[in-house]
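Thanks for coming. I have one structure to go through today, so please look at the screen.

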Amino acid sequence: MLKLNQLITQVHEEGAFAVSDRAMVLKAQGHPVINLGIGQPDFLPPDHVLEAAEKAARDGPHGYTSPIGILPLREAVAQTVGTRYNIEINPDQIVIVPGGKVTIFFATMLFGGNNSEILYPDPGFPPYHEAIVSSGAKPVPYGIREEANFSFNADEVLNLITPQTSLIILNSPANPTGGVTSPQEMKKLADGLTRHPHVAILSDEIYGHLVYDQSQFVSLLQFEHLRDRVILLDGWSKTFAMTGWRLGFGVWPLALVDHVRKLVTVDHSCVNGIAQMAGLAAITGPMDCVEGFLASFHQRRDLLVAGLNQLPGITCRTPGGAFYAFPNITGTGLQSHELAHRLLEEAYIATIAGDSFGENGKGYIRFSYAASQDELKQALARMADFLNP
Ligand SMILES: Cc1ncc(COP(=O)(O)O)c(C=O)c1O
């Protein structure tokens, strides 16, 4: 009998990938699949990014780079994030990683271990729970509720903190709900955290550029008194339509960077140079592409949400950010898994069952509206047929 690590055998695969694989099989069999499952923009990265990558493939860097990323890229990230929030960021706080997820893994490894407790959103991005479990920490969910417009409640989060709590994971704009936590609620949480100086915060802001009303978005880095214990997670995947390039960054408190650097050298040495050069072109180049993506997502959101609200048994709030809608489907009489499964197998629409994101996701399904307006209209028409047989 092999002596597998029990922490790892408990880990679950992220469900969105299995749905995507099944959608591809159905498509290959000739079925007219509309994929509203996996969360990735359906745009191409901007031309200047593709050109920078072509050039880097020829001219390099071809070897290992600094484990935490090439200096010009770290400088550009520090400058961009610093200017956006009007704060000073040292390029040595930036760690470039192969995709946003890696920052989750490193943060949970760093704050996990025996007897520690890590708070995470439910429903939330599934890798949070799995990364916490693999770190050996106890996962402690806090609620994300429809009545609160899919925000957390600061008092609820603060009340879950114990002397064992080492880390809180926050995510706004959020996956899977598209919820954006209001500046007031963020401030309440940030103020309350002064009473708990032993707790670090991982703020996953990977959808931070995809907010429909920027006055409603506040970054955790904007709270000065927390800056020595906030880790900001962001990257290129969602903002620049570069999910497959595997490129992300963390802004870490300077005192933690040496630990992260050790983990990088043990794990992957560095991110490939071509992706880093492409990422540099993306954040130092014109941002009109991102504005274009956002405008397009805005129209698609309005189309999908209006259509969902006309379907029998379904009600849907208007999400404030990301490219997800999380309708309440309890009125259909079907369970989340059953509805998502039947929509895929019978109507060829890929979605994700809400309870794959945690207990509180029961009674919902997630739509990624990173699809053309035509596809969204077709999906709505097929759902109307499915629900009104
Ligand atoms: C909330 C959230 N954080 C992080 C990520 C990870 O992004 P990446 O593809 O860059 O690893 C995702 C991707 O779906 C996400 O939804």
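I will take the ligand site, then the cavity, then some backbone details.

Keep in mind throughout that this is a predicted model.

Let me start with the ligand. Which residues surround it most closely? The shell holds 13 residues, and the closest of them are G100, D204, Y207, S237 and K238. By class, that shell splits into 4 nonpolar, 5 polar and 4 charged residues.

Three side chains place a polar atom by an oxygen atom of the ligand, and I will go through them in turn. For S237, a polar side-chain atom is 2.6 Å from a ligand oxygen. S237 is also on the list of closest residues I just gave. For N175, the distance from a polar side-chain atom to an oxygen atom of the ligand is 2.8 Å. For R246, an N or O atom of the side chain lies 2.8 Å from an oxygen atom of the ligand. As for cover, the ligand taken alone would expose 390 Å², and 94% of that is buried by the protein.

Now, where does the ligand sit? The answer is the largest pocket. That pocket has a volume of about 420 Å³. Its lining comprises 24 residues, and those closest to the pocket centre are F17, G39, K101, F125 and K238. K238 therefore turns up twice, since it is among the closest residues to the ligand and among those closest to the centre of the pocket. In terms of secondary structure, α2 (15-28) and α5 (101-111) each contribute at least two residues to the lining of this pocket. The lining as a whole divides into 10 nonpolar, 8 polar and 6 charged residues.

Next, the enclosed space. How many cavities of 30 Å³ or more does the structure hold? There is 1. The volume of the largest cavity is about 50 Å³. Its lining includes P121, P123, G124, Y142, I144 and F152, and it also includes N171, A174, N175, P176 and T177. Of these lining residues, 7 are nonpolar, 4 are polar and none is charged. Note N175 here: this residue lines the cavity, and its side chain also has the polar atom 2.8 Å from a ligand oxygen.

Last, the backbone. As a reminder, most peptide bonds are trans, and most residues other than glycine have a negative phi. I have some exceptions to show.

The peptide bond between G60 and P61 is cis, with omega about 10°. P61 is in the loop that runs between α3 (47-59) and α4 (71-85).

Another cis peptide bond links D122 to P123, and omega there is about 5°. P123 belongs to the loop between β3 (117-122) and α6 (127-135). P123 is also one of the residues lining the largest cavity.

Then there is S269. Is its phi positive or negative? S269 is not a glycine, yet its phi is positive, at about 70°. This residue is in the loop between α9 (257-267) and α10 (273-284).

To recap the site: the ligand is in the largest pocket, with 94% of its area buried by the protein. That is what I have for today.

Key
Residues are numbered from 1 along each chain as its sequence is written. This is a predicted model: local features need pLDDT of at least 70, side-chain atom pairs count only at pLDDT 80 or more; totals for chains, interfaces and linings use all residues. Side-chain values use heavy atoms; hydrogens and water are left out. A residue is near a molecule or strand if one of its heavy atoms lies within 4 Å of it. A polar contact is a pair of N or O atoms within 3.5 Å; within protein, one must be able to donate a hydrogen and the other to accept it, and residues adjacent in sequence count only if both atoms are side-chain atoms. Accessible areas come from the Shrake-Rupley method with a 1.4 Å probe; for residues, only the protein chains shown count as cover. On a 1 Å grid over the protein atoms alone, a cavity is a set of points where a 1.4 Å probe fits but cannot get out, and a pocket is an open set with protein on both sides within 12 Å along at least five of seven lines; lining residues have an atom within 4 Å of a point. A molecule sits in a cavity or pocket if more than half of its atoms lie within 2 Å of its grid points. Ala, Val, Leu, Ile, Met, Phe, Trp, Tyr, Cys and Pro count as nonpolar, Asp, Glu, Lys and Arg as charged, and the others, Gly among them, as polar. Grid points are joined across faces, edges and corners, and a volume is the space filled by probe spheres set on the points. Helices (H or I, at least four residues) and strands (E, at least two) are DSSP runs, numbered from the N terminus.
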